[in-house]
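These are my notebook entries on one protein chain. I set down here what I looked up, entry by entry.

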Amino acid sequence: MVMKFVWAEFSRRYWPARDDNSRLRVASERALTAFCVLAGLAGSAISIMNLEYFQEFPLLIGNSFAISLVCLGAPLLINGYNAFNTRALIVG
């Protein structure tokens, strides 16, 4: 009986109902989250590799860091703060 309750709670929380378009919404949120995290990490890595040219191109490298931070912060806007940890774990 307890296992049935646990499974029902798990299904309700992580696998939305089929009657509306919530499955598509959740899938698109996960895809956007994965894209934003990967773009933010790649942009940060490229910016770090170009730090040696900071004296010559400070605006360009500063903007690339800013865009990377926006990409890393975008999942908070996409998913909302409450469910971010759970969805980030699922995507990871």
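**Entry 1: confidence**

I began with pLDDT, which is the predictor's confidence in each residue, on a scale from 0 to 100. I need this term since the model before me is predicted. For the protein chain I found an average pLDDT of 76. I also noted that 64% of the residues score at least 70. I then asked which element has the lowest mean pLDDT and which the highest. The lowest mean, 61, belongs to helix α4, which covers residues 84-91. The highest, 86, belongs to α3.

**Entry 2: overall make-up**

I looked up the secondary structure next. The protein chain holds four helices and zero strands, and I wrote its pattern along the sequence as α-α-α-α. The chain has 92 residues, and 17% of them count as buried. I recorded an exposed area of about 7,300 Å² for the chain. Carbon and sulfur atoms supply 70% of that area.

I also looked up how far apart in sequence the contacting residues are. Taking the contacts with a separation of 6 or more, I found that 60% are between residues 24 or more positions apart.

**Entry 3: two buried serines**

I turned to S47 and S68. S47 lies in helix α2, and S68 lies in helix α3. Are they buried or exposed? The cut-off for buried is under 20% relative accessible area. S47 has a relative accessibility of 2%, so I count it as buried. S68 has 3%, and therefore I count S68 as buried also.

I then asked which residues S47 touches, leaving out those up to four places away in sequence. I listed I61, S64, F65 and S68. With neighbours within four places likewise set aside, S68 is in contact with G40, G43, S44 and S47.

What lies at the polar atoms of these two side chains? I found the backbone oxygen of G43 at 2.9 Å from a polar atom of the S47 side chain. The backbone oxygen of G43 is also 3.4 Å from a polar atom of the S68 side chain.

**Entry 4: V37 and its partners**

I located V37 in helix α2. Its relative accessible area is 30%, and I therefore describe V37 as partly exposed. Apart from neighbours within four places in sequence, V37 is in contact with C71, L72 and P75.

I looked up two C-alpha distances from V37. P75 is 38 residues from V37 in sequence, yet their C-alpha atoms are 7.6 Å apart in space. G73 is 36 residues from V37 along the chain, with 8.4 Å between the C-alpha atoms. I placed G73 in helix α3. With a relative accessible area of 27%, G73 falls between the limits for buried and exposed, so I note it as partly exposed.

**Entry 5: a nonpolar patch**

My last search was for nonpolar residues at the surface. Which residues make the nonpolar surface patch? I found V37, L41, L69 and L72, which form a patch of about 330 Å². Helices α2 (22-49) and α3 (58-79) each supply at least two residues of this patch.

I examined L69, one of the patch residues, in more detail. Its place is in helix α3. Why does L69 count as exposed? The cut-off for exposed is over 50%, and L69 counts as exposed because its relative accessibility is 59%. I set this beside S68, which is in helix α3 too but is buried at 3%.

**Entry 6: summary**

I close with the points on α2 and α3. Buried S47 touches S68, V37 is in contact with L72, and both helices supply residues to the nonpolar patch.

Terms used:
Residues numbered from 1 in each chain as written. Predicted model: local features only at pLDDT ≥ 70, side-chain atom pairs only at ≥ 80, totals over all residues. Heavy atoms only, no water. Patch = residues over 30% accessible without salt bridge, like charges linked within 9 Å, V, L, I, M, F, W, Y side chains within 5 Å. Areas by Shrake-Rupley, 256 points an atom, 1.4 Å probe, with all protein chains shown as cover. Salt bridge = Lys/Arg side-chain N within 4 Å of Asp/Glu carboxyl O. Buried < 20%, exposed > 50% of the residue type's maximum accessible area, 1.4 Å probe, protein only. Polar contact = N/O pair within 3.5 Å; in protein donor to acceptor, adjacent residues only side chain to side chain. Contact = heavy atoms within 4.5 Å.
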